[in-house]
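Got your viewer open and your selection syntax warmed up? Here's a short walk through the model, one stop at a time.

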Amino acid sequence: MPRFSPGDRVTVLDLGKPGHVRIPWFIRHRTGRIERYCGAYPNPEDLAFGRPGLPAIDLYRVHFPQTDLWPDYGGAASDTLEIEVYDHWLEPAEPLT
Amino acid sequence: MTPEPIGYSADAVDPSRPVVEGHEGADYYALMTEALHKILLEKQILAPADTDRVIAALEAPNVTWGARIVAQAWKDPSYKARLIADGSAAAREMGYTIKEAKLVVVENTERLHNVIVCTLCSCYPRSLLGQPPWWYISKNYRARTVREPRAVLAEFGTSIPADVEVRVHDSNADMRYLVLPKAPADADGRAFEDLVGVVTRNMLIGTEIVEPYRSP
């Protein structure tokens with residue numbers, strides 16, 4: 001069972017890992033919501049070093065308003081970005097108050 | 001409270017470092033690849049035909065394959081529904097096997113425009129569309145499309161009205177993406193092969209549109 005479901009609010013962690021990491025800087029520490037579950041895949045951070053990357057890790061697409069990613073975003077307020085994030089880079093976001 | 005990020009760039013250690021396009025710094029690896037290839041040929045572990053076969057396989061996929069999927073979706077609403085539900089399975093129906101990853105198809109509508117970028121490298125549905133265009137790999141496109149997508153689209157001559165959402169898809173991991181462009185207004189009356197000819201590579205990435213968006 002994947003840990004998150006579509007619509008769940010999640011925050012992207014900053015694990016500070018070097019190497020072949022698939023989580024770009026601009027989404028770290030940012031909160032978005034799960035758009036879909038993509039399945040489980042071998043961890044690319046291990047595959048890059050010739051290791052099997054198993055057990056496979058759950059992968060999600062996470063949806064962000066652009067204005068939450070870039071405080072000075074110059075486009076429309078409704079613009080968004082979606083990006084894939086592996087489970088170990090996510091934590092549940094604090095509930096909205 | 002989560003702490004603020006250090007910066008927006010993996011170059012945060014030196015944000016003033018100039019961005020260098022192209023393969024500068026990769027000469028060593030190019031030379032090593034060439035040397036290894038030569039040794040494998042000399043030791044008869046590899047034959048020249050083996051390399052030719054791999055290159056031919058890499059070059060076989062092309063934009064027309066993606067265009068045929070789009071034209072089919074424009075002609076057949078039930079195919080379109082299957083394509084959006086499971087891009088890889090719907091591509092297979094048309095005879096195309098997506099080898100490198102799962103295909104996610106994102107649909108442009110009157111209110112939504114999608115554009116694809118891979119910020120970290122150059123992920124692209126190569127087994128369907130072939131090799132990506134040079135600008136897709138450029139650091140300029142990769143850095144700016146997530147940061148100022150409307151400015152990038154404008155440079156492609158693609159203007160998106162402010163009341164149409166621009167959604168950027170960062171192809172950063174195990175999915176590959178295809179934009180389903182909005183069909184031309186007269187699509188219903190046009191033949192399949194004619195519609196295939198309407199679709200360009202840039203439309204499948206989202207930097208070009210078939211017809212301008214109309215504000216309501």
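**Where the chains meet**

Start by selecting strand 4 of chain A (residues 80-86) together with strand 3 of chain B: these two run parallel and are joined by four bridges. Keep in mind that you're looking at a predicted model. Now pick out A:Glu82, and across from it, in strand 3 of chain B, you'll find B:His169.

Next, widen the selection to the whole contact between the chains. Chain A puts in 24 residues and chain B puts in 28. On the chain B side, colour helix 8 (139-147), helix 9 (149-155) and strand 3 (165-170), since each of them supplies at least two of the residues touching chain A. Which element of chain B gives the most to that side? That's strand 3, with six residues. Colour the chain B side by class and you get 13 nonpolar, nine charged and six polar residues.

**Into the core**

Now hide the surface and show the largest nonpolar core, which has 63 residues. Select A:Val85 and B:Val70: these are the members that touch the most others in the core. Helix 3 of chain B (residues 63-75) brings the largest share of this core, seven residues. Stay on B:Val70 and bring up B:Leu180, B:Pro181 and B:Val199, which B:Val70 touches when residues up to four places away in sequence are left out.

**Zooming out**

Last stop: colour chain B by domain, with domain 1 at 27-58 and domain 2 at 61-205. Put a distance between the C-alpha centres of these two domains of chain B and you should read 33 Å.

Definitions and conventions: Residues are numbered from 1 along each chain as its sequence is written. Chains are lettered from A and ligands numbered from 1 in the order in which they are written. This is a predicted model: local features need pLDDT of at least 70, side-chain atom pairs count only at pLDDT 80 or more; totals for chains, interfaces and linings use all residues. Domain bounds come from an automatic or database domain assignment. A nonpolar core is a set of buried Ala, Val, Leu, Ile, Met, Phe, Trp, Tyr and Cys residues joined through C-beta atoms within 7 Å. A residue is buried if 20 or more other C-beta atoms lie within 10 Å of its own, exposed if 12 or fewer, and partly exposed in between; C-beta atoms are placed from the backbone. Two residues are in contact if their C-beta atoms, placed from the backbone, lie within 7 Å. Ala, Val, Leu, Ile, Met, Phe, Trp, Tyr, Cys and Pro count as nonpolar, Asp, Glu, Lys and Arg as charged, and the others, Gly among them, as polar. Two strands pair if DSSP finds at least two bridges between them.
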